[in-house]
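Subject: Structure for your files, with notes

Dear colleague,

I am handing over the structure we spoke about, together with some notes on what was found in it. Please open the model first and keep it beside you as you read.

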Amino acid sequence: MDILGLGYVGLDVPDPEAWLAFGRDILGLDLGRAPGAGAYLPDDSGGRGADGSAYFRMDEWSWRLAVHPATGRPGVRYIGLEVAGPRELAAALAELEAGGFPARAGNAAECGARAVTGMGFTQDPSGNAIELFYGPLVTNGYRNSRGMTFLTGDMGMGHINLFVSRYEECADFYTRMLGFRLTDYYHVGPDQTVNFFHVNARHHTVGIMKVADVDAVHHLMFETTELDMVGEALDRVMAAGCKITASLGRHSNDRIVSFYVASPSGVEIEIGWGAIKVGPDWTPRYRGPGDIWGHHGLTAENIEETGRRV
Ligand SMILES: [Fe+2]
């Protein structure tokens, strides 16, 4: 299966208004075009869906991140992974079925609700809703209103790191079924493992961690094109008094310079710059713990605590 990258993510949040302000004013995302109306019509959504959802954009895609009102546990509602087109989607859904993972094609209304041309549905072994899609709606001439430029394109929108209680099954699903390749991994305890997988030049598109008996999302990462944009985002975070869950630092594996901030729904957001790229000749590395510098607060205990909370 040939996944191109992380296309979009939908989150369940208790308070979309708080998230809207956080995403727009702190992270520096723009409100996107809410899916649902005809793609041929002008956008008068203001980034809001009829149900109160908020849609953010970070590049020419009409939206990349959605936050949906939810009364239950906050977390990830769906993870959108891009494939090239209808043949690739049909083949992927058939492969999933043959591999023992129930999958089905989406109908026109479901595609309209994501502003994509075609899509299908399955689940990873931890119960995360995985959506495979092609043909996202794009619009020309996007410029970020806060001077942020996000590194997307053929590397997707960023990465997502998940807590999974069934690591082996999830690793099998993402590698054998979806075609992800292991980039590197480390252990934080005898039974606790953190693993990074790529499908394109981004060091990891999906990270899966078994650090506790929980299934949840730990963080989403967005990468900027300039270091100053990370610093400017950090200034906004500090001015607003948001909780910084990991100080500015540089990871030893992807070498990204980044910080982590807690979003209003608990999911952490990593804003970073300068990650390495990996190629098809990459050999997986077994890494020792620790960062090159910084990232204070990103301890196994704090990560586990976040997993139990979000
Ligand atoms: Fe990350």
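The notes below go from the whole chain to a sheet, a helix and a single residue.

Please bear in mind throughout that this is a predicted model. The protein contains 6 helices and 18 strands, and its C-alpha atoms fill a box of roughly 50 × 50 × 40 Å along the principal axes. For 310 residues, a compact globule would be expected to have a radius of gyration near 19 Å, and the 18 Å found for the protein agrees with that. Buried residues account for 46% of the 310 residues. Of the contacts between residues at least 6 apart in sequence, 69% join residues that are at least 24 apart.

The sheet I looked at is an open one of 8 strands, with mixed pairing and the order S2-S3-S4-S1-S5-S8-S7-S6. Its edges are formed by strand S2 (30-31) and strand S6 (104-105), each of which has a single partner strand, so that one side of each is left without a neighbour in the sheet. Helix H2 (residues 86-98) packs on this sheet, where H2 touches S6, S7 and S8, and the direction of H2 makes about 10° with that of S7.

Strand S8 (residues 129-136) has neighbours that pair with it in opposite senses: strand S7 (residues 116-123) is antiparallel to S8 over 7 bridges, whereas strand S5 (residues 75-82) runs parallel to S8 over 4 bridges. On the S7 side, Thr-122 stands opposite Ile-130 and Gln-123 stands opposite Ala-129, while on the S5 side Glu-82 stands opposite Phe-133. The hairpin of S7 and S8 has 5 residues between the strands, and Gly-127 takes a positive phi near 90° there. Because 6 of the 8 residues of S8 are buried, this strand is largely enclosed by the rest of the structure.

Helix H5 (residues 227-240) may also be of interest to you. Its 14 residues reach 20 Å from the first C-alpha to the last, close to the 20 Å expected at 1.5 Å a residue. The buried residues of H5 are Met-229, Val-230, Ala-233 and Val-237, and since they cover an arc of only 105° around the axis, they lie on the same side of the helix. Leu-227, Asp-228, Asp-235, Met-238 and Ala-239, by contrast, are exposed on the other side of H5. The buried residues of H5 pack against helix H1 (16-27) and against four strands, namely S13 (216-224), S14 (244-250), S15 (257-262) and S16 (268-273). Just after H5, Gly-241 takes a positive phi of about 75°.

One residue of S13 deserves a separate note, namely His-219, which has its place in that strand. Is His-219 buried or exposed? With 25 other C-beta atoms within 10 Å, where 20 or more count as buried, His-219 is buried. Leaving aside residues up to four places away in sequence, His-219 touches Asn-161, Tyr-260, Val-267, Glu-268, Ile-269 and Glu-270. Tyr-174 is 45 residues from His-219 along the chain, and the C-alpha atoms of these two residues are separated by 18 Å.

With best wishes

Conventions
Residues are numbered from 1 along each chain as its sequence is written. This is a predicted model: local features need pLDDT of at least 70, side-chain atom pairs count only at pLDDT 80 or more; totals for chains, interfaces and linings use all residues. Two strands pair if DSSP finds at least two bridges between them. Helices (H or I, at least four residues) and strands (E, at least two) are DSSP runs, numbered from the N terminus. Two residues are in contact if their C-beta atoms, placed from the backbone, lie within 7 Å. Axes are lines fitted to C-alpha atoms, for helices over the stretch in contact, and angles run from 0 to 180 degrees between N-to-C directions. The radius of gyration is taken over C-alpha atoms; the globule rule is 2.2 Å times the number of residues to the power 0.38. A residue is buried if 20 or more other C-beta atoms lie within 10 Å of its own, exposed if 12 or fewer, and partly exposed in between; C-beta atoms are placed from the backbone. The expected span of a helix is 1.5 Å times one less than its number of residues. The arc is that of the directions from the helix axis to the C-beta atoms.
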